[in-house]
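Me: I would like to go through the labels used for this model and check each one against its cut-off. Please set the value beside the definition each time.

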Amino acid sequence: DKAWWKESVIYQIYPRSFCDSNGDGIGDLPGITSRLDYIKELGVNVIWLSPVYRSPNDDNGYDISDYQAIMDEFGTMADFDKLLSEAHARGLKIVMDLVVNHTSDEHPWFVESRKSKDNPKRDFYIWREGKDGKEPNNWGSSFSGPAWTYDDATGMYYLHCFSPKQPDLNWDNPAVRQAVFDMMTWWCDKGIDGFRMDVISMISKREGLPDMPTNGALYASCNLGCCNGPHVHEYLQEMRRKVLSHYDLLTVGECAGVTIDQAKQYANAQGTELNMVFQFEHVDLDGGDAVTGKWSTRKIDLVALKKLLSRWQNELDGVAWNSLYFCNHDQPRIVSRLGDDSPENREISAKCIATCLHMMQGTPYVYQGEELGMTNVPFGPIENYRDLESINAYRDLSARGVMPQAELMAAIAYKSRDNARTPFQWDDSPNAGFTTGRPWIMVNPNYVQINAKEQLGRADSVFHYYQKLIGLRRNSPDKDLIVYGRYDLILPDHPQLFAYTRTLEGKTLLAVCNLSGKEAKFDLPEELKGRKSRLLIANWQAAPAAPGAMTLAPWQAAVWVLE
Ligand code: GLO
């Protein structure tokens, strides 16, 4: 079935780093409002805002102390209402981040909960007695250390899958679910257009909170005890009935640990839960082992990536719906990760990666700066990082001597979430035009070369290439083919080319992307020969009007339509 959220392209904003209007070095809501025309020009129709709620900022707003107030540094509720109406006036929808696996420890619910064992809010969180003077089980936090913190007031431990300042809510308590649903309803009544649900696959913990395998690490990953737990689908169906079904929303669940089979349920075409999920398998392809976790400089294997994404494409077709993403506020920059961020190849490889992703079936997400080919950041010493995941990993892994120091720093430089969080590069003025003050995190020094102003003024920029890709999907004669066409991988074992077709009602789209720094030979498969063809988009001038036997230069990508 057709749906507007299947035909959308989403632009993710990390408000802290997008645009600062008042010179305090921190991005804010009026800053975003002042840049809506830029977003409109890119051609997307939806904005996803990372959290803008009141927060002590232990995890940059993913630790919320008041769901119905705006973070002081970002402005006021009046600023939010203005942003919403200005966006709507431009035909842009606003999707909010919904962070309800946990709250801040400064949320009034937790402030009450920790006071006494019989406090009415006690069961809003997950409290347990210690075991033999230690934590109640062996689960570890995603941000290093144990997933439990001892609280003096009552002599018990509370569970936190993330930082100790992010206590997990107890979703088994119907009062918690109702409180969350009421809050969501309040936002929906304000007129927002959807929710991106933070780690929503983790809300239902395994019965009895049992020890889980550590696989040689200090703690068992809390994902094992929390992801896709026994009641998660039941709770999401309840959310659908009580809230989501009353509005016309885009919903996407961030689903750590989700498999294809589970995604078929979360994002089922009957619409009983969510529209789509963010899966992690493809961004986990360059991880380390159970001990080092994500901290590794290993490169993504292209053949593995192709097979994996193709499986998601084929298996969800008709029964669920895919999201398409390489970048977000938790991922390093894709041009540095999968492409080549050297001055010679940065733009062409960024365009090649974009082509490959945007011509697939699913709803594409563009993360701020991705459309400029923004790169990873030469942070240098650990003092220049701001992200608690990176800082904790540095402390923990170096104290335990898990890897040589140089290797650890290289892995953090390559994988840190801060790579995505440096200020948006607006122009080549000081601080990249992001702020007139001192930015809360360093600016990537390459802003002098890589910035929006320069790219808006140049026809062959990465920005204009994204604009074209988005335009093809949003409003072109080939729109339905791009949005709904069936996906088939070709040349599955080719080590350089990511090539596939999309088919709908006798039309075939062919995408050929040389995701490598070497020339690659391509020949048209027999079954596609002899058809009338036209070039849809390519990242080099002399791309042929019809695909045939050819040699693609490094990072070349092109898309044709065969009728
Ligand atoms: C990814 C989130 C991340 C938050 C975490 C805790 O997992 O997007 O940024 O730090 O979920 O809320």
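**Labels and their cut-offs**

Reply: By class, the lining of the largest cavity has six nonpolar, five polar and no charged residues. The classes are nonpolar (Ala, Val, Leu, Ile, Met, Phe, Trp, Tyr, Cys and Pro), charged (Asp, Glu, Lys and Arg) and polar (the others, Gly among them). This is a predicted model, in which local features need pLDDT of at least 70, side-chain atom pairs count only at pLDDT 80 or more, and totals for chains, interfaces and linings use all residues. Residues are numbered from 1 along each chain as its sequence is written, and side-chain values use heavy atoms, with hydrogens and water left out.

Me: What makes a space a cavity, and how many cavities of 30 Å³ or more does the structure hold?

Reply: On a 1 Å grid over the protein atoms alone, a cavity is a set of points where a 1.4 Å probe fits but cannot get out, whereas a pocket is an open set with protein on both sides within 12 Å along at least five of seven lines. Lining residues have an atom within 4 Å of a point. Grid points are joined across faces, edges and corners, and a volume is the space filled by probe spheres set on the points. The structure holds three cavities of 30 Å³ or more, and the largest cavity has about 90 Å³ of space.

Me: Which element supplies the largest share of the lining of the largest cavity?

Reply: Helix 9 does, with three residues. Helix 9 (302-316) and strand 14 (323-324) each supply at least two lining residues; helices (H or I, at least four residues) and strands (E, at least two) are DSSP runs, numbered from the N terminus. The residues lining this cavity include Gln-279, His-282, Trp-312 and Tyr-325.

Me: What lines the second largest pocket?

Reply: Its lining divides into nine nonpolar, six polar and five charged residues. About 400 Å³ of space lies in this pocket. Of the 20 lining residues, the closest to its centre are Asp-1, Trp-5, Lys-6, Ala-269 and Ala-320.

Me: Why is Ser-104 called buried or exposed?

Reply: Buried means under 20% relative accessible area, exposed over 50%, and partly exposed in between (1.4 Å probe, protein chains only). Ser-104 has 0% relative accessibility, so Ser-104 counts as buried. Ser-104 is placed in the loop between strand 5 (93-98) and helix 4 (108-113). Leaving aside neighbours within four places in sequence, its contacts (heavy atoms within 4.5 Å) include Pro-56, Asp-63, Phe-110 and Lys-165.

Me: How do you know how many disulfides there are?

Reply: A disulfide is a pair of cysteine sulfur atoms within 2.5 Å, and a search of the whole structure finds zero. For Cys-222, the nearest cysteine sulfur, that of Cys-161, is 3.7 Å away, and Cys-222 is in no disulfide. Cys-255 is in none either, with the sulfur of Cys-227 nearest at 8.6 Å. Cys-255 is buried, because its relative accessible area is 0%.

Me: What makes the phi of Asn-57 worth listing?

Reply: Most residues other than glycine have a negative phi. Asn-57 has a positive phi of about 65° although it is not a glycine. Asn-57 sits in the loop between strand 3 (53-54) and strand 4 (66-70), and its 18% relative accessibility means that Asn-57 counts as buried.

Me: Why is Ser-144 called partly exposed?

Reply: Its relative accessibility is 27%, so Ser-144 counts as partly exposed. Ser-144, in the loop between strand 7 (139-140) and strand 8 (148-151), also has a positive phi, near 80°.
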